[in-house]
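The exercises below concern one protein chain. Each task is followed by a solution worked out step by step.

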Amino acid sequence: MLKKITISVLVIVLILVVGFWFFVQNNKPQYNGNLKLENLKEEVNIYYDDIGVPHIYAKNQSDAYIALGYAHAQDRLWQMELIRRIAAGRLSEIFGKDLIKTDKFFLGLGIEKAAIKTIKNLDTTIQSYKLTKAYLNGINQFIDKSATPIEYRLAGFEKEKFTIKDVYNVFGYMSFGFAHAHKTDPFLTNLKDKLGADYLQDLQIEIESKSEIIKNYPKINNNMASSLTTSVNDLLDNAPIPPFIGSNSWVIGAKKTKNKKVILANDPHIGFSQPAVWYQSHIVTPDYEMYGFNLALTPFPLLGHNRNYAYGLTMFENDDTDFYKESNDQSFTVRKETIQVKDGEEVTFEIREGKHGSIMNDFIDIIDSDNPIAMDWIYTKLENNMMEASYVLSHANSLPEFKKGAALIYAPGLNVMYGDAKDNIAWFASAKLYKHDNNVNTKFILDGSNGVDDKITYLDFSLNPQAINPSWNYVYSANNQPDSIAGIMYPGYYLPEDRAKRIVDILKPKNDFTKEDIEVMINDIQSSVVPDLIPIIIENLTKVNLTSNEKKAVEILKNWKGDYKSDAIAPTIYTKFLYRFIENTFADEMGEEGFQQFIITHVYKRQIAKQIKSRKSIWWDDINTKQVKENRDEIFTKSLHETITALEEQFGTDMQDWTWNKAITVTHKHAFDKVAGLKNYFNVGPFVTNGSNEVLNNQIFAINNSGIYEVTAGPSTRRIIDFSDVENSIAIIPTGQSGNVFSKHYKDQAQKYLNGEFVKMMLNKEEIQKSKDKLVLEPKLN
């Protein structure tokens with residue numbers, strides 16, 4: 001009897017194993033074999049290299065883009081699904097009631113409404129439109145012909161075809177992505193109303209003139225607000241799609257490289273997720289070649305190179321959103337929106353629109369609903385040329401043609417970096433810039449009723465910050481303040497000078513850069529600012545009554561060079577101290593909610609160095625101690641005491657156990673991260689990493705009191721293109737090329753990325769055709 005039971009159990013197990021094996025095989029991406037596709041004119045060969053990048057060889061571009069759409073979909077269809085839904089306010093259809101607020105918010109922004117308006121005016125005869133339609137045709141043929149990704153089955157909904165509206169919704173989400181206006185302007189307005197002008201004057205709201213700025217070449221002449229800040233941040237934190245944040249890029253001119261050819265480096269900083277943000281592809285036709293990095297649902301790469309030129313992007317961080325307090329007396333138009341909710345009733349709501357845009361009270365929780373707040377956003381206000389812009393950038397035949405593509409970008413604001421085989425280098429701050437009256441400060445909520453606070457003029461692209469072949473032989477961007485234009489330092493949400501200063505410090509003195517030098521530089525973990533701040537802190541500490549570990553901590557910090565190595569102790573001490581210092585300085589005046597809002601803005605990052613250097617500041621005094629007026633030395637000393645006490649509780653009294661790798665961690669989270677039974681299967685990580693906020697290897701995390709720092713964003717790819725050896729240019733992405741959990745390329749780059757390693761971006765046809773994985777797409781005859 002026992003023997004029969006054992007045999008039966010083994011048979012059942014075998015059936016399950018075999019069944020699962022067949023299920024996996026049928027749901028993996030197809031990297032070899034033959035397929036017949038409609039609308040192809042001729043055969044297309046796709047060679048998949050060792051990391052799963054499709055090298056697409058076609059006789060014409062239309063066929064190439066059908067093939068790209070098919071290849072992209074079989075690796076990233078679920079990612080495409082999510083990104084089209086977030087901007088359109090359709091996440092609740094698959095995730096249920098928890099995403100209603102997020103859907104309501106994005107519907108309120110009007111991204112889909114703007115997409116519909118743009119599509120009505122599109123010229124359907126231009127090549128960018130035709131190739132986009134070909135790309136969508138490839139995606140939709142995959143939907144018709146191939147297995148449904150497992151995420152659809154687990155979430156319980158059906159696939160549906162993609163349209164050009166979905167492509168524009170992706171551009172809209174990208175434009176909104178970094179969202180610092182929504183976090184910063186309401187916060188500063190509330191702070192001004194609560195504390196007054198004296199406190200704001202001591203905050204680094206604008207960039208100091210001494211900071212490292214990107215130079216032009218040639219030279220060019222209240223409660224309601226508090227609630228808005230918190231609500232927007234919560235919505236973005238809960239969204240299943242990563243935000244666009246910052247970036248590094250530099251292009252080194254031929255005179256500063258050992259081999260006398262241009263080198264371009266780029267690492268856009270985007271929220272970490274699984275799958276990774278970028279999809280790599282290489283297209284070759286008789287009249288076109290490009291190795292590109294595409295966002296989900298974008299046919300034309302936003303990062304790319306070929307043998308003739310290379311380009312990359314960083315976030316400009318310019319201010320392209322203004323908020324206006326409107327009068328209830330003005331007239332509004334009203335539009336009705338409906339949200340379909342999985343396992344729930346549909347939600348219908350109305351959104352008022354005035355001359356400055358949508359009224360945010362109607363789609364986000366704001367306490368003071370009697371004061372309508374309108375959002376005036378460039379993306380929805382002006383025409384959207386991103387499809388044509390990305391086409392021109394990826395199809396340019398010269399620097400002047402490329403510049404025309406950069407000029408088409410209105411939003412999001414992007415620093416567009418360029419280098420070519422003819423030794424040209426360039427940087428363009430691409431955005432539709434505008435001016436207000438000189439007395440208007442757009443970092444606060446403006447008066448929508450007086451007309452004085454309205455925009456007075458839009459600037460021509462020729463006035464945008466830019467540099468072409470500068471005499472210093474390099475261009476760069478690290479999301480820092482650009483040089484003055486049109487008589488002003490253009491307002492924005494720029495990051496502090498830390499990364500920019502480090503880039504300049506490395507680039508300026510050296511004239512024989514190699515690709516290997518840039519590999520080291522792009523992974524650099526040295527702060528350019530911290531080594532100047534540590535001596536100030538130590539010199540002004542009260543040294544009396546320090547404990548043994550406090551004295552050891554002072555010595556460790558004193559000998560620290562500001563490098564965030566994983567086995568170092570100083571980063572753990574400094575980062576914990578930084579939080580205690582910032583909280584002890586600002587939280588008493590701001591209140592707990594205001595303080596938490598403060599540390600998610602770029603204002604906080606810019607304030608760190610300024611505050612540490614300031615002997616006199618209105619912020620030093622703790623308003624809760626009425627009989628005592630604190631000073632900087634007391635805040636430093638108190639923060640050190642609290643830091644060491646907290647670290648002893650967290651890691652023990654042996655400081656050798658306080659290494660940075662025990663405090664910092666990174667996990668690339670899938671949309672199923674909140675599902676306990678699935679997250680360990682779909683997530684990639686956790687991993688130990690090195691680096692920190694505002695070093696070149698920018699590991700972005702929120703400082704906090706827990707002493708555990710979960711990295712949520714960082715380099716979404718690292719790319720180095722060397723025109724002295726362009727066929728051996730290199731890159732890496734954080735996890736893998738495929739978003740299909742059954743693919744061998746789901747996470748095969750993860751450890752190399754953490755190690756600071758790279759893989760080749762293959763261009764050589766002979767090398768590529770040696771690949772073991774070849775997929776042949778044949779025309780399907782009617």
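**Exercise 1. The nonpolar core**

Task: Identify the residues that touch the most other members of the largest nonpolar core, and then the helix that gives the most to this core.

Solution. The model is a predicted one. Its largest nonpolar core holds 225 residues, and those touching the most other members are Ile139, Trp250, Tyr574, Ile582 and Phe598. The greatest contribution to this core comes from helix 2 (residues 61-88), which supplies 15 residues. One of the five named residues, Tyr574, may then be followed through its contacts. With neighbours within four places in sequence left aside, Tyr574 is in contact with Val530, Leu533, Ile534, Ile537, Leu557, Trp560, Tyr564, Ile608 and Ile612. As general background, nonpolar side chains in soluble globular proteins tend to be buried together.

**Exercise 2. The chain as a whole**

Task: State how many helices and strands the protein chain has, and what share of its residues is buried.

Solution. The count gives 24 helices and 29 strands. Of the 782 residues in the chain, 62% are buried. The accessible surface comes to about 30,300 Å², and carbon and sulfur atoms account for 50% of this surface.

**Exercise 3. A pair of packed helices**

Task: Describe how helix 8 and helix 13 pack, and name the residues that meet.

Solution. Two packed helices are described by the angle between their axes and the distance between the axes. For helix 8 (residues 164-176) and helix 13 (residues 386-395), the angle is about 85° and the axes are 10 Å apart. Helix 8 is therefore roughly perpendicular to helix 13, since angles of 65 to 115 degrees fall in that class. At the contact, helix 8 presents Ile164, Tyr168, Phe171 and Met174, while helix 13 presents Met386, Met387 and Ser390.

**Exercise 4. Three loop residues**

Task: Decide whether Thr601, Tyr746 and Ile623 are buried or partly exposed, and describe the surroundings of each residue.

Solution, Thr601. This residue is in the loop joining helix 19 (570-598) and helix 20 (602-613). Thr601 counts as buried because its relative accessibility is 1%, where the cut-off is under 20%. Its side chain reaches two backbone atoms: the oxygen of Phe598 at 2.8 Å and the nitrogen of Val603 at 3.3 Å.

Solution, Tyr746. The loop between strand 27 (730-732) and helix 23 (750-754) contains Tyr746. With a relative accessibility of 4%, Tyr746 is also classed as buried. Along the chain, Tyr746 and Gln274 are 472 residues apart, yet their C-alpha atoms are separated by 8.8 Å. Beyond four places in sequence, the residues that Tyr746 touches include Gln274, His670, Phe682 and Val684.

Solution, Ile623. This residue belongs to the loop between helix 20 and helix 21 (632-651). Ile623 counts as partly exposed because its relative accessibility is 33%. Apart from residues up to four places away in sequence, Ile623 touches Tyr199, Asp588 and Glu589. Ile623 and Asp588 are 35 residues apart in sequence, with a C-alpha to C-alpha distance of 6.3 Å.

**Exercise 5. A mostly covered helix**

Task: Determine how many of the 10 residues of helix 4 are buried, and which residues these are.

Solution. Helix 4 (residues 100-109) has eight buried residues, so it is mostly covered. They are Ile100, Thr102, Asp103, Phe105, Phe106, Leu107, Gly108 and Leu109. Just after helix 4 comes Gly110, with a positive phi of about 85°.

Key:
Residues are numbered from 1 along each chain as its sequence is written. This is a predicted model: local features need pLDDT of at least 70, side-chain atom pairs count only at pLDDT 80 or more; totals for chains, interfaces and linings use all residues. Side-chain values use heavy atoms; hydrogens and water are left out. Helices (H or I, at least four residues) and strands (E, at least two) are DSSP runs, numbered from the N terminus. Buried means under 20% relative accessible area, exposed over 50%, partly exposed in between (1.4 Å probe, protein chains only). A polar contact is a pair of N or O atoms within 3.5 Å; within protein, one must be able to donate a hydrogen and the other to accept it, and residues adjacent in sequence count only if both atoms are side-chain atoms. A nonpolar core is a set of buried Ala, Val, Leu, Ile, Met, Phe, Trp, Tyr and Cys residues joined through side-chain atoms within 4.5 Å. Contact means heavy atoms within 4.5 Å. Accessible areas come from the Shrake-Rupley method with a 1.4 Å probe; for residues, only the protein chains shown count as cover. Axes are lines fitted to C-alpha atoms, for helices over the stretch in contact, and angles run from 0 to 180 degrees between N-to-C directions. Angles under 35 degrees count as roughly parallel, over 145 as roughly antiparallel, 65 to 115 as roughly perpendicular and the rest as oblique.
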